[in-house]
Each structure stands twice: as structure tokens, then as C-alpha cells.
Protein chains: 2
Amino acid sequence: MQIYKAPIDDMRFILEAFGYDELVGSLPDYEAFDLETVTAILKESGKFCTNEMLPLNRKGDQEGLTYDPETSSVTLPEGFKALYAKFVESGFAGIAHPEEFGGGGGPATLALMLSEMATATNKSFSMCPGLTHGLVEALLHFGTDQQKKDYLPKLVSGEWSGTMCLTEPQCGTDLGLVSTKAIPEGDHYKLTGTKIWITFGEHDLTENIVHLVLARLPDAPPGIKGISTFLVPKFTLDGRRNPVFCTGLEHKMGIHASPTCVINLEDAEGYLVGQPHKGMRAMFVMMNAARISVGLEGVALGEIAYQTALAFAKDRRQSRSLDRAKQDKDAAADNILVHPDVRRMLLNVKSTTEGMRGLAYWVGMHMDISQHHPDEATRQKSDDFVALLTPIVKSFCTERGFANVSEAMQVTGGAGYTTDWSIEQYMRDARIAMIYEGTNHIQALDLVGRKLPQANGRLIKGFVDEIKRFIGEHKEDESLAEFLGPLKDASKTLGEVTMQLAMKGMQDPEEAAAVASNYLNLFGLTALAYIWAHQVAACIGKEGRFYRSKIKTARYFYNMILPESAGLVAIISKGKDHMMAFEVDEL
Amino acid sequence: MQIYKAPIDDMRFILEAFGYDELVGSLPDYEAFDLETVTAILKESGKFCTNEMLPLNRKGDQEGLTYDPETSSVTLPEGFKALYAKFVESGFAGIAHPEEFGGGGGPATLALMLSEMATATNKSFSMCPGLTHGLVEALLHFGTDQQKKDYLPKLVSGEWSGTMCLTEPQCGTDLGLVSTKAIPEGDHYKLTGTKIWITFGEHDLTENIVHLVLARLPDAPPGIKGISTFLVPKFTLDGRRNPVFCTGLEHKMGIHASPTCVINLEDAEGYLVGQPHKGMRAMFVMMNAARISVGLEGVALGEIAYQTALAFAKDRRQSRSLDRAKQDKDAAADNILVHPDVRRMLLNVKSTTEGMRGLAYWVGMHMDISQHHPDEATRQKSDDFVALLTPIVKSFCTERGFANVSEAMQVTGGAGYTTDWSIEQYMRDARIAMIYEGTNHIQALDLVGRKLPQANGRLIKGFVDEIKRFIGEHKEDESLAEFLGPLKDASKTLGEVTMQLAMKGMQDPEEAAAVASNYLNLFGLTALAYIWAHQVAACIGKEGRFYRSKIKTARYFYNMILPESAGLVAIISKGKDHMMAFEVDEL
């Protein structure tokens, strides 16, 4: 059973709630993308995802990939190649890339929304354009004019795909240990080394694959400051096969139709992107764009798992309501939606999924503003929001998203544990998002170690001020009162915990690192409270099922999820002592 | 990579900490099973699990099962049949069954410890003797003398296996909907119906399979009070093939080597067990024994995942310690155990796994006391502990165990997401334990709806009194002070929340049902605090690495896990309103 209704109504509501047309749709670069246009594109893409991508999702999981060591080639499951051709034809691939290179010129927010639907309906497939998108961003920022001219048109259209070659056997999180070598030769470089975990490093969907590779020049200083970035195409522009080969595939818990390759570079021809030794810059451009998409994987898979569990629950009868008035005398048992715990599980998923969706697109809109607003101060403010909240979107949404898929499975009982309902695939596919694009703890260190201290705390102060501004703006509104009090408290608590953390962390960085993951989750809950209050404010004066549900779901979040903060605050206050007390042989 | 060191030291420590030799080893029935003897058996069984069962675990997952519709036969992965023969030969199968029928006559606690190690090393395989064990229990309680004589010897030895046939397509949780029919015919019955989710319902490990089947007699009243229990062997005692056929296998997320069968009874010959219409009694005997084992699945898989992640972490170097003094100047990066967050994840797993292990075996010891102590009041008191805590062991340990396997995966990063390290299999295998043997919410309803009100609250009062007694006994001991204060607070909070729940639930059962799952988790945390304090008390005056680690781990639990209670208390106080507020079309 593969069930999905594209959540266009919720996406449109979120855009409206955050004032999309005033803030993004009115930017000079995006005049052609007002809410109506965006909604129309979402609908069209939603249809494509539901009708074309979803039917191949379970098939892809079950059939998996074929690797031929003779030819170093990887074949995707049957139907994926034809699907990819349709995807390229649809024009969705380059929707947010510059028109100059054949893209649609649309806002990043729109591209993120398309990525949510693609992930929900076929996560493995969606990773191919996902990686390409990152490469396009890196080239736009750091490529030479010639490189842009040579590579971007086919990457933007999706005719070629891109990869990101960072990890090596001895280095994942710690990229300072990269040892792949790049030796200058004329106007190019010869690269030698082994890269692992390369998503779509080899496949049969496109005629060419362009790798972005981290490597060291001969005169590179050690560590992270000696890394450069190179373009290494599978086929050079003049048609030669470059010696960059897939030597094996990983066997994974999920994303079975997404090839995770070992890639050997054997004197492969590469071209420097950006400055020598400054390669991490380009990587961060790729990664920051990717991190919001990865966060959305938790939203996407939580959403489809929710829809599946709800469909199951609406059909299933089991036991009697504890409230006699709700018992269906004409049947031998009542529908399971009469049971409070079934609702509790469903609402845990719904209230966090819709909150996280709101957060991700709020950040998405600020990405657009930060890059396209004419006013510098406005750009800076938006950029601060994006920088601060990117690690939270990536980590909080993937952790909660995975838990949400598991919660949805619990609603369906044994049925959900079988392949029949596909939830088990969503769970396997969702788990990796907590690991890749920087593990969730790396996000927490980014938040605590880089984003909080940045510009003397301007980023966090800006976010707390924004919550205050929102509360002030709505303080006369009685129908918001039940939310604004707890929001104020949550924001105050976050401020206090941040201050304690800063004080402790200044004296001893281990103190900050020890609490970073729990702090990030506390921040995530607070950010969701802000987002939910915003959504409630947008419901006022409106009638109908959708808005009633929104307000009830917000209440559920405030009463049944936000109080988790109390436990986190208590645990954060304990600092590092109880972790660091152990000798290694006592673990 | 399949890594496992049987946790014999911890098991033995737990038995000592709870006074095994005084409480169980000295019971007249168990004089032959003192701590030394039990330890020797644990060691022998641990060797069998590690050397014989573990090597086939991943192979079983990858190879899976073969079903032949022509012959309705199921073939297990290569090597499983030979392994099973060795298992029967070892004598572990019947270790806790009566000597009268060829068993070892040992305590249930010992059998539980063996089941933990078997689950850790090969969960699929372990389910076959696990189900047989339940059938033996049911026959011992409700079988006629002739039935016992005919069936028990070969079930106890493991030459035959048992199943539990409850679920039908229209009924899982709600067994009142069972529709399988049993028509009397001479001295037996003819059964017709379809059963699903039948674990080891068909396989090639044993020469016979004995099903315990829930069905209705022609004159049965509707609902749960019209269910009777029947023995339905695959081969009758005179060697005829009974028409009870496997018509298909489920395709599952995990436990790939454990056949989950659809079983068709087509006028199959069956024999009544126990009284007509009183079949649920026998089922509850089977299930209650099984629920502690299922709880231990979370301990078992959390343990092996922990050991695997720790082995990975000890080997892996990545990034630098934030504490310069800990940096290894001779290497390019430090071992990841210098990072507080890696320790946090490992200790989340270790502190809960060891706590849950203690809880399960404390309950196990009270199972033995409740059945074998000469004094009735002592038996009753122990029986109260078992009844109260069984749903907590089943639900809390499986939920936390699943989360623990996921946490262990996070320590290993991408490596853990591949099949190479096997953690991904442990996660897939662990997930079902939250669903079967009564879903975790059914456990919570059992706790709140049956166990709390039972005998006017005697069970919960007895447990709270036991905590008070423990605190009183140790109140002069300064080295326990840091634990006794928080334990007292936790116990007081549990008492208060229980009282609120009872008051609300009396007026409106939906209020109790709505908070039951969170209440069970609060209870679980409090129970673990009690167990950890007990473990600390057993360390006093002892020296060495093991005891130092225990005390530090207890501190970790009290400071970094127990405070989660704060969030649960806040959420429980909100009751049912925010779940029940939704119309179905608003979900």
C-alpha cells in the first residue's frame, strides 16, 4: 500500500501565514512567482510525484541496484531510467536555478517544497537531483565563467548529474584528514585517492556524472586549511572516459535504490574550483543548501507515514470505545480512532510534522530574502536566521522525523512491520538522514560552537527578538493568549539556558559540546512553538475544517509536545561531568 | 562484524545484588541452583550463543526463508536445522521446565537470562524455543494429565515446537472477535478458520509442531467470554498429518529467519485445553511468561548494539579533543571516545540497558518466589510485583531498547547504517517487540486499567512501600545519599501522579487511557531508579573497575535519564482533551 496526497494545502497555508507574497513574491527577482503561480507549480509537481515516482518506490527498494565489477557500472531498478527522463522533461530539476543557465529562476523555497514531495514519494530517486542541486550551487558561487558555461546548462536541466566526494575511509566528520592527492599538470590536475559514501557516484540515469572532489595540492598545509575542491567529470568535455571508477556499493539498511559508491580516482583529470586550499568554502555552500533539504526528509517521510497510518486507522475496527456514547452498536467493534492512544500517536506525528514543515519553509523564505532582497540590512537579518536555524532544521527534523515514522508504524501494529504498508521502508529510508550531511551532533556543535558566538551573539538575539516582536504584535489578540504565554516562557527559558551554556562553554568547551545535542532539541521545540503561534495567527477569522484542525493541532503541540522541554532543561543543567567521569575501560 | 561478549558478569552481579542465593537459591525446589551453579550454566550457554548462534545471525537475515506453496512447507536458512539439533542436544531448551517431563528443573530467572543471550545472538532463531516455552507453561497449568504425558516430554526437550494461534485478519488486539470454529466430534474437535502472524507456524526444524489455537465452540457466547483453547498438532500422536497448513509468509522489516505464517485450519483435529469458553486464561499464562522475555529483547539487542558501537568507537579516530590535555600528539586525530557526545550516546544505552536488565531479573526472581516459596504471604507479595511490573518490562524495555539500538547506530555513523556492522539488523529485529505479545499501549492499559485498581491498589502500594523500605534500610549510608534523595522524590511523584490518574480515571476511563502510555514510561523510569539504587548498594565496600563503572553508570542514569520524568509529568497532567478534541476529518 503506497498512499500519498501531496500536502499542497498545508504548503500554501504556510506560505500565506508567513506573508510569502509580501516578503518573497514581491522581490524583484521573483515577481513571476507569486503565491498563485507557486501553488500551480506545486500541484503539477505533486501530481508527478504521486503518479510517476511513488509507484516505483517500493519496487526500487525491493529490486535494489546491480553492480558490474567488469565495467564498474551500476544499474538502477527497472523503470528508474525512464522515470528520470520524464523528470528531466518536466523541468522541475532546475526550477530554482538561474534562467541564464536554463533554470526556472524560481525561489529556493519552491525548490525545497518540491524536494519534500519527491523525498516522500521516492527518496532514493530524489537523491540524484538533490546532489546535483548542491553542485550547481557550488559552481554558481565558486566556478569560473568558463566552468559555469561548460557545466551548468546540462546540470541545471538534469541531463548530467552531480556528486559530492568528501568522505574517505579514514575521515568522515573530520575532513581535515582528507588524503586524496591533486597534482598539477598543465591547465588541470591529476587526482588520485579513494572516496567512500558517494551518493549516485555511478549510475545509468544520465550520460555524464560530474564529481566535486575534495583533495590536497602538493603544497597544501595539513588539516582543514589545506583542502581544495575539484571538478572531476566522468566524461571530459571532449568525450574521454576519465579514470574515476566505482569499485563497489555499500549494502545499506534503506535507500536501496540509491547507489552509495566507493569511488577510486586513478590519475583522474580534475579542474580547480575556487581558490587553492579554500575548498571547504565551496563544500559549505553545497552542504548548507543540502542541510535544509535533509531536514525536510524527516518531514517528508513523517508525512507519508502519517497518511498511511491514518488510512489504516480509518479502516480498522478493534475493541470498544471507553465512552459508551461513541460505541457503534451495528458493528462488532469500534473504529480504532475512538481510542485516545491511537490519536495520541497520530497527533504526535501530525503536530510535529506540520510544525517542522513550517520551520523549514520559514527558513527557506529567509534564504530567498537573504540572497535577493535589495536592502542589505534585511538581507543580513534573514541570513542570520538561516545560519542559526539550518543546523536545527537538519538535526531536529531528521531525529523527530525518524521517531515519527516509528510512531506511525505503531498505529498500524503488525501490518506496519510488513512490507505491505511500506511504512517499514520509510523508517529504513529515514534513518540515514540523522547521519549524513554532517551527523546530527555535528549540527549541534555548529549551533553551539559557531552560530551562537557568531557576531557576539547577534544571531540568537535576533531570533529571540523576533519572538518578542511577534508576541508584541499579537498581545491584544485574545484568541492567541493561550499560546503567547507559553511561547514567552519557552523563549525566556531558551534565553536563560543559552546564557548558562555560554558562560560554562567559555571556560570549558567540553561543557558546551556535552550539552549541545540536548540544547539543539530544546531550541527546536522553542522554534516550533514560535512557528505554531504564527500558524495560529494566520487562522484567526477564518472558518472551515482546515483552520479548525490547525488550531487544535497547535494546542496539541503546546500541551503535549512542548512540555518535553522540562526534561531537556534539567538534563542540560547537569553538564559534562557524568559523561566524562568514565575511564575508557569503564565503558 | 558480529561482536558479542555474553554479559555474564552483569547477570551474576544483578543476582547477587538482589540476594539471589537467599531468596531463590534457597527455595526447596531450587536448592540445586545456587549462584555458582547458575553462573556455570550461564557461561556454558553464553558460549553456545556466541559460538554457534551468532555466526548464523546475519546469514539468516540475508538468506531468509523459502516457502513452497505446493507442499505448504517452510525451509529455514542454511545451517539453522543443524544449529537447532545442537540446541536440543545442549539441554538449554527445557532448563526451567519440570524434571518430571525431562526438564532441568531450574528457576525461571535462569531461563530468562538464557533467553536474553539467545535473542542478542540470533533473535529469529530464539523465537522458536521462545514460543515452545509458552506452550509448555500453558499445558503445565491447564493440560490434562494425559495431555501432559503425551506432549510435554518432546516439547520440553525441544524435539517438537509450539505456537500460539491467536490473531485472525479481523482481530489482533481485540481477541473477542475471534471467529475460528471448533465443532465437537467424539472425544475431539474439528477446527476451521484462518490464523495470521503465527510465529514458527511452519518450519523444518522439528519433526512436529503443536499449535495452541483460540477458537469458538458452537454454543459459545459472543466476545472474549466465548473463547476456548485447543491443541492442534501438525501430526497427530498416531502419525496422521492434520489439515493445518501454512498458506503464506509475511514479508517483514526484520526477523527474516523467523517464519511469520498464515495458518489455515481445514477441519483440523484439536483437543480442548482447560474449560470450555475459558480459553483466555491459558492464553494469559502463555503471554505473561512471554512478556518478560519480549521485554528482554530490548535489553538483548540494546546490549549487542552497544558492544558493537563501543568496539567501533574504540577503534575510530576523528577530530581533536576539546581538552588539549587529552589530545594524542602522535596521531592525526583523537579517538572518538574523547568527544562528550559519543559518550553521551553510549551511556544513554549502557545506563538504561543495565537498569532494564536488573528490572527484568528482579521481576524474574519474584516469578520464582511467587510460585515456589513455602509461605503464602511471601508468594502473594512477589506475585503482586510480577503482575504490576510485567507490562512495564514488556513496554518500557522494548521502546527504550529500540531507541538504544538507534542511538548505538548513531555512534557508528554511516558504518552502522550498512550491513557490515549488523546494527541495522538489530534495529529491524528489535522494532517488532513494541508490537507483538500485546502492543505497548495494551501493556499500558493493562497497567492502568487492571493492575493499578487490582485489590484496591495493593499492587502499587506494595511497590511504593518496597521503595520506602529500601530507602529506610539504607538511610544511614552516606555513599547512597546522592541516590536516595532523588529516588524518594521520584517515588513521591509517581504516587501523586497515580492518585491523580485514579481520580480522573474513575470518573472517565478515557482520561486514564489517554495518559496510560506516558504514565507507564514514568513508572518505568522510577522503577529503574529503584533498581539502580539497589545495584549501587551492592557495590559498597567493593573495589575494582566493574564496581566503579556501576556507580558511575548509576549516577549517569540519575542525572541524565531520570530527569526525563519532568516532561512526562507535565504531559500526563494535560489528560485527554487535546487528543479527543479532533473530529475524524480534522486528523
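How many residues does helix α17 of chain A have, and what distance does the helix reach from its first C-alpha to its last?

**View 1. Helix α17 of chain A in the predicted model.** The helix covers residues 545–561, which makes 17 residues. From the first C-alpha to the last, α17(A) reaches 23 Å, close to the 24 Å expected at 1.5 Å a residue.

**View 2. Burial and packing of α17(A).** The helix is mostly covered, with twelve of its 17 residues buried. Among them are A:Lys550, A:Lys552 and A:Arg555, as well as A:Tyr556, A:Phe557 and A:Tyr558. The buried residues of α17(A) pack against α9 (340–372), α15 (481–507) and α16 (509–537) of chain A. They also pack against α18 (565–572) and α19 (577–580) of chain B.

**View 3. The largest nonpolar core and the surroundings of A:Ala360.** This core has 402 residues. Those with the most contacts inside it are A:Phe230, A:Ala360 and A:Tyr519, together with B:Phe230, B:Ala360 and B:Tyr519. With residues up to four places away in sequence left out, A:Ala360 touches A:Leu112, A:Ile292, A:Gly295, A:Leu296, A:Val299, A:Val393 and A:Cys397.

**View 4. The relation between chains A and B.** Chain B is superposed on chain A by a rotation of 180° with 0.0 Å of shift along the axis, at an RMSD of 0.0 Å. The two copies are therefore related as by a two-fold rotation axis. In chain B, the C-alpha nearest this axis belongs to B:Gly567, at 2.4 Å from it. Because 100% of the interface residues of chain B are also interface residues in chain A, the copies meet through the same surface.

Note on methods
Residues numbered from 1 in each chain as written. Chains lettered and ligands numbered in written order. Predicted model: local features only at pLDDT ≥ 70, side-chain atom pairs only at ≥ 80, totals over all residues. Helix = DSSP H or I, 4+ residues; strand = E, 2+ residues; numbered from the N terminus. Expected span 1.5 Å × (residues − 1). Buried ≥ 20, exposed ≤ 12 C-beta atoms within 10 Å, placed from the backbone. Contact = placed C-beta atoms within 7 Å. Core = buried A, V, L, I, M, F, W, Y, C linked by C-beta atoms within 7 Å. Least-squares fit on C-alpha atoms with pLDDT ≥ 70 in both.
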